[in-house]
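Please open the structure in your viewer and keep the sequence at hand, since this tour moves from one selection to the next.

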Amino acid sequence: MSKSKPTPPPATPTPREAVSNAKLEELDQNREDSHGQFLTTNQGVRINDDHNSLKAGERGPTLLEDFIFREKMTHFDHERIPERIVHARGVAAHGYFEAYDNNASLTRAAFLQPGVKTPVFARFSTVAGSRGSTDLARDTRGFSVKFYTEEGVYDLVGNNMPVFHIQDAAKFPDLVHAVKPEPHNEIPQATAAHDTFWDFISVTPEAMHIIMWLMSDRALPRSLRMMEGFGVHTFRLIDAAGKSRFVKFHWKPLLGVHGVAWEEAQQVSGKDPDFHRRDLWNSIEMGAYPEWELGVQVVEEEDEFKFDFDLLDPTKLIPEDLVPVQPLGKMVLNRNVDNYFAETEQVAFHPGHVVPGIDFSNDPLLQGRLFSYTDTQLKRLGGPNFHEIPINRSLCPMHNGQRDGHMRQAINKGQTSYSPNLLNDNFPKQAKQAEGGFVSHPERIEAHKVRARSKSFVDHYSQARLFWNSQTEVEQMHMVKALRFEIGHVLQESIRSRMLILLSQVSEDLAARVAEGLGLAVPSAEGVQINLNVGADTDPAPYQSGPAKADTGRDSALSMAVTAKANAGKESIKTRHVAILATDGADLEAIADLMKALMDQGAQTAIVATHLGSIKGENGQQMLVNGTFQSTASVLYDAVYVAGGAASVAKLKQDADAVRFVNEAYRHCKPIAASAAGIELLKAAAYPGATDILDAEGVVTSDDAQVGELAKKFMAAMAQHRFWDRELKAMPA
Ligand code: HDE
């Protein structure tokens, strides 16, 4: 439920709290609440009858004179604006960013000074699908944060993957045309698994690194609250003395980084296409505020060329084992929007919205983005005044000579709208650097004007290999299956074969395993030429160009499983969803004890039964049911508990959907618990010949009706998220 009233500011706000409430207070002036009000036209005229149009007689024709009907219908006819060409499906929330007290003085940006608190608005999105598509599509996620700083708006417009498909912005329209539904029949929606995408990729070797990320479970986040964010490009931080350092931005979620299984993601897309949106909304409503730490990898200017890749190449990351991430502060999202359109849809991000102390690098992808975002907002939001829409408005004052245009809100006073002027004493005046004026970093550039790609961008495979090598056995298995799925959807065999050549440049093992599933042999790369995105006057190069296939080793930050293991014991089970399977005759006391233990740790529970209403316990007590095997599904939960009670379990064993519920949870490697008679349902859920379900990792059982010990073990298992290694044993239950 949306809060209709904003959180009131504390009675005596400290200056910092005042800043963090300022955006909400500003937005409050625009929030409308119709409760207790008369219905009016847009001009404020009270309406007497809104249910009948004006007619010539009760059964007569409608009259053109009906200004009430015409105004209502005209507004309705215009209620949609063009959706974003990419990142159309999104969800957003308000919150704040607080810089750490011990934060090193890397930048003069005011919002990054120790202890400063700044209001933020964060929007997460999928890239390819339309607004009405599904949350769990295999895709990159957008991760955009608008900081309303005291020096103006700063937007960090990033993704949940640290690299991009292409090295030059000029290729972006091609990439997006290739991944979107095919133009002749608008099929398929929100997926890259079709010919045009893989056709483009098969002749774009620079994409191989992000393809590795996209084929991994990083593309299937368990929750938006459990994914990382990256600024992708190299940026600059400029300190108070004017010294510039290169940085890469990182957002690290405090709940850890977790994904779901591909089969699960596909089912969730049908069962609850709003899975991520709902999860973010509910977590904020119940006060479990999502949190991320913002950090930077810092490279001194003099070290610019010490890596075996180019810092300006957006298809490369800086391995965290080489340059660790330094924390700068924490973001907390603590308030849902009041109105999706006014806030989430109308928000306009722009990587060119920077404040003094933050500057750009010459990454050719970033440079191109600096043009595109304003251009797209002009079309999407209808004109040059989109910065005046409440959600986009800066908190600090705006003054310049820009006037007029569609939907201008400000009523600028005075005769002058130019500079310099004498009539208004030359106001608004330019700010000196010491007064907070933005001065671009004076980088020295001496060059020929050329259309070219830097030779330092040519190694397309080493970091793709680094990613592949860094994954655990199960994670590699998921990637192989994902590639078989994706390329298996390609109808043209020549495209499939080309992709195998490219994969063989990353890893022969990977290519061979994908080829097996496609029923093809890996073709030789020998003699296969490609125009490596250079002009028509340059000869095509062989696919193998770039450094030889060295073993690039591993980086410890690239595998979600390795990171989860490193964090074992530290992660909480807060907000995890547990399904409790029970029906009439269940041991309700044991259920109540387990529920209490789980909820004390912040987890959420739901009774899933054969019918809605209440279930009756062994001793006649009753308990409310939250869902049935028809209305909900195992894929919507993180863990499953099968309650004891012989009569209940006997009924569940007869119910094919209940049996499937447990079976699926097992296949998706989730923690499962069962007590007393409940153990019988686990046995019934195992396929014949499967490894013994009761001995599997992450399955905890107890013959005892008392659930105290079981609850502890179950919660420890839940804190590990999943037991992916189950997939290595024969075929799981
Ligand atoms: Fe974007 N991108 N992009 N992009 N992008 C847009 O701007 C573009 C790129 C990203 O929640 C558009 O307002 C170009 C990289 C996010 O509202 C558009 C290039 C990264 C969002 C656009 C890129 C991103 C967008 C569409 C290549 C990660 C959603 C609507 C040069 C660092 C923002 C809009 C939101 C949105 C252009 C590449 C992230 C068309 C030309 C790299 C998170 O302007």
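With which residues is Ile 211 in contact, leaving aside its neighbours within four places in sequence? Select Ile 211 and, with those neighbours left aside, you will find Phe 197, Trp 198, Ile 201 and Leu 483 in contact with it. Please keep in mind throughout that this is a predicted model.

**The nonpolar cores**

Widen the selection from Ile 211 to the largest nonpolar core, which has 55 residues, and in which Ile 211 is among those with the most contacts, together with Trp 198, Met 208, Met 212, Leu 483, Leu 503 and Leu 510. To see where this core comes from, colour the helices that each give two or more residues to it, namely H3 (172-179), H4 (195-202), H5 (208-215), H10 (462-470), H11 (473-488), H12 (493-506) and H13 (508-518). There is also a second, separate core, made of 37 residues, and Phe 97, Tyr 154, Ile 284 and Leu 294 are included in it. As background to both selections, nonpolar side chains tend to be buried together in soluble globular proteins.

**Strands E1, E2 and their partners**

Next, select strand E1 (residues 90-99), where nine of the ten residues are buried, so that the strand is largely enclosed by the rest of the structure. Strand E1 pairs with strand E2 (residues 117-126) in the antiparallel sense, over nine bridges, and it pairs with strand E9 (residues 326-336), again in the antiparallel sense, over seven bridges. Individual bridge partners help to fix the register in the viewer: Gly 95 is matched with Val 120 in E2, whereas His 94 is matched with Arg 335 in E9.

Move across to E2, where ten of the ten residues are buried. If you look at the two faces of E2 separately, Lys 117, Pro 119, Phe 121, Arg 123 and Ser 125 lie on one side and Thr 118, Val 120, Ala 122, Phe 124 and Thr 126 on the other, and every one of these is buried. Arg 123 in E2 stands opposite Ala 92, and this arginine is worth keeping selected for the next stop. E2 is also joined to E3 by seven bridges, with the two strands running antiparallel, and here Thr 126 has Arg 141 in E3 as its bridge partner.

**The ligand**

Now display the ligand and the 24 residues that surround it, of which the closest are Arg 84, Arg 123, Ser 372, Tyr 373 and Gln 377. Returning to Arg 123, one of its polar side-chain atoms lies 2.7 Å from an oxygen atom of the ligand. A polar side-chain atom of Ser 372 lies 3.0 Å from a ligand oxygen atom, and for Gln 377 an N or O atom of the side chain is 2.7 Å from an oxygen atom of the ligand. Strand E3 (141-149), strand E4 (152-159) and helix H9 (364-380) are the elements that give two or more residues to this shell, and the largest share, six residues, comes from H9. By residue type, the shell divides into eleven nonpolar, ten polar and three charged residues.

**Two single residues**

Select Ser 283, which is found in helix H7 (residues 275-285). With a relative accessible area of 2%, Ser 283 falls under the 20% limit and is therefore buried. Its side chain reaches the backbone oxygen of Asp 279 at 2.6 Å, and, apart from neighbours within four places in sequence, Ser 283 is in contact with Arg 225, Ala 288 and Tyr 289.

Compare this with Thr 552, in the loop between strand E12 (541-542) and helix H14 (560-566), which counts as partly exposed at 27% relative accessibility. Leaving aside neighbours within four places in sequence, Thr 552 is in contact with Ser 462, Arg 465, Leu 466 and Asn 469.

**The parallel sheet**

For the last stop, select the six strands that form an open sheet with parallel pairing, in the order E17-E14-E13-E18-E19-E20. Its edges are strand E17 (627-628) and strand E20 (699-702), each of which pairs on one side only. Within the sheet, strand E13 (residues 577-581) and strand E18 (residues 639-642) pair in the parallel sense over four bridges, and Leu 581 finds its bridge partner in E18 at Val 642.

Note on methods: Residues are numbered from 1 along each chain as its sequence is written. This is a predicted model: local features need pLDDT of at least 70, side-chain atom pairs count only at pLDDT 80 or more; totals for chains, interfaces and linings use all residues. Side-chain values use heavy atoms; hydrogens and water are left out. A residue is near a molecule or strand if one of its heavy atoms lies within 4 Å of it. A polar contact is a pair of N or O atoms within 3.5 Å; within protein, one must be able to donate a hydrogen and the other to accept it, and residues adjacent in sequence count only if both atoms are side-chain atoms. Ala, Val, Leu, Ile, Met, Phe, Trp, Tyr, Cys and Pro count as nonpolar, Asp, Glu, Lys and Arg as charged, and the others, Gly among them, as polar. Buried means under 20% relative accessible area, exposed over 50%, partly exposed in between (1.4 Å probe, protein chains only). Two strands pair if DSSP finds at least two bridges between them. A nonpolar core is a set of buried Ala, Val, Leu, Ile, Met, Phe, Trp, Tyr and Cys residues joined through side-chain atoms within 4.5 Å. Contact means heavy atoms within 4.5 Å.
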